[in-house]
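Open the model in your viewer and keep the selection tool ready. Each stop below says what to select and what is there.

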Amino acid sequence: KHLIWHCSLPLTPTFTIMAADYHPIRNDKTLVVGNNNEIILIPDSKADADRFFTALSDGGSVQMPMQDMFWGCYSGHCTDKFGIGWLIDAPSNS
């Protein structure tokens, strides 16, 4: 109650950054500052998605490499070296 669950910030007409909180009921991780939210980048091309994913996962870990998904997006999930979760989600046809 009275909290923000998701937010979306369009940075350009074709690029959006989103965020979602990360509640422990969704997984078995211990909640600590850093893993208590997830940031979603929605670039307009696969090339940008790959560039962001490579930079963000450097020194961190990859949970799901970038790949075309059945729902029509090119997606990947990683945790950066600071423990922040990132989801990159670009159009598959870009």
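Select aspartate 68. This residue is partly exposed, with a relative accessible area of 45%. The scale is simple: buried means under 20% relative accessible area, exposed over 50%, and partly exposed in between, with a 1.4 Å probe and protein chains only. This is a predicted model, in which local features need pLDDT of at least 70 and side-chain atom pairs count only at pLDDT 80 or more, while totals for chains, interfaces and linings use all residues. Residues are numbered from 1 along each chain as its sequence is written, and side-chain values use heavy atoms, with hydrogens and water left out.

**Stop 1: the salt bridges**

Keep aspartate 68 and add lysine 46. The two form a salt bridge, with the closest N and O atoms 3.1 Å apart. The term means a side-chain nitrogen of Lys or Arg within 4 Å of a carboxyl oxygen of Asp or Glu. Aspartate 68 lies in strand E4 (residues 61–68) and lysine 46 in helix H1, so the pair ties together parts that are 22 residues apart in sequence. Helices (H or I, at least four residues) and strands (E, at least two) are DSSP runs, numbered from the N terminus. Lysine 46 counts as partly exposed, at 21% relative accessibility.

How many salt bridges are there by this rule? The count comes to 2. For the other, select aspartate 48 and arginine 51, whose closest N and O atoms are 3.1 Å apart in a salt bridge. Aspartate 48 is found in helix H1 (residues 46–57). Being 3 residues apart in that helix, aspartate 48 and arginine 51 are separated by about one helical turn. Aspartate 48 is partly exposed, at 24% relative accessible area. Now add alanine 90, 42 residues from aspartate 48 along the chain: the two C-alpha atoms are separated by 8.5 Å.

**Stop 2: charges over rings**

Go back to lysine 46 and show tyrosine 74. Lysine 46 lies over the face of tyrosine 74, at 4.9 Å from the ring centre. Then return to arginine 51 and show phenylalanine 52. The charged end of arginine 51 sits over that ring, 4.7 Å from its centre. A charge sits over a ring if NZ of Lys or CZ of Arg is within 6 Å of the ring centre and within 35 degrees of the ring normal.

**Stop 3: the aromatic pair**

Select phenylalanine 70 and tryptophan 71. A search of the whole structure finds 1 aromatic pair. Phenylalanine 70 and tryptophan 71 form it edge-to-face, 5.1 Å centre to centre with 85° between the planes. Rings of Phe, Tyr and Trp (its six-membered ring) pair if their centres lie within 6.5 Å; planes under 30 degrees apart count as stacked, over 60 as edge-to-face and the rest as tilted. Phenylalanine 70 is exposed, at 78% relative accessible area. Tryptophan 71 is partly exposed, at 46%.

**Stop 4: two buried aspartates**

Select aspartate 89, in strand E6 (residues 85–91). Which side chain of opposite charge is nearest to this buried residue? It is lysine 46, 11 Å away, and aspartate 89 has no salt bridge. For charge, Lys and Arg count as positive and Asp and Glu as negative; His and the chain ends are not counted. Show serine 75: a polar contact of 2.3 Å joins its side chain to that of aspartate 89. A polar contact is a pair of N or O atoms within 3.5 Å; within protein, one must be able to donate a hydrogen and the other to accept it, and residues adjacent in sequence count only if both atoms are side-chain atoms. Beyond four places in sequence, the contacts of aspartate 89 include Leu41, Trp71 and Tyr74. Contact means heavy atoms within 4.5 Å.

Next, pick aspartate 80, in the loop between E5 and E6. Aspartate 80 is also buried without a salt bridge, and the nearest side chain of opposite charge, lysine 81, is 8.6 Å away. Add tryptophan 86, whose side chain makes a polar contact of 3.0 Å with that of aspartate 80.

**Stop 5: cysteine 78**

Select cysteine 78, in strand E5 (residues 73–79). Cysteine 78 is buried, with a relative accessible area of 0%. Among the residues it touches beyond four places in sequence are Phe53, Val62, Ile84 and Trp86. Show serine 57 as well, 21 residues away along the chain: its C-alpha atom is separated from that of cysteine 78 by 5.7 Å.

**Last stop: the whole chain**

Clear the selection and colour by secondary structure. The protein has 1 helix and 6 strands, running β-β-β-α-β-β-β from the N terminus on. Of its 94 residues, 34% are buried.
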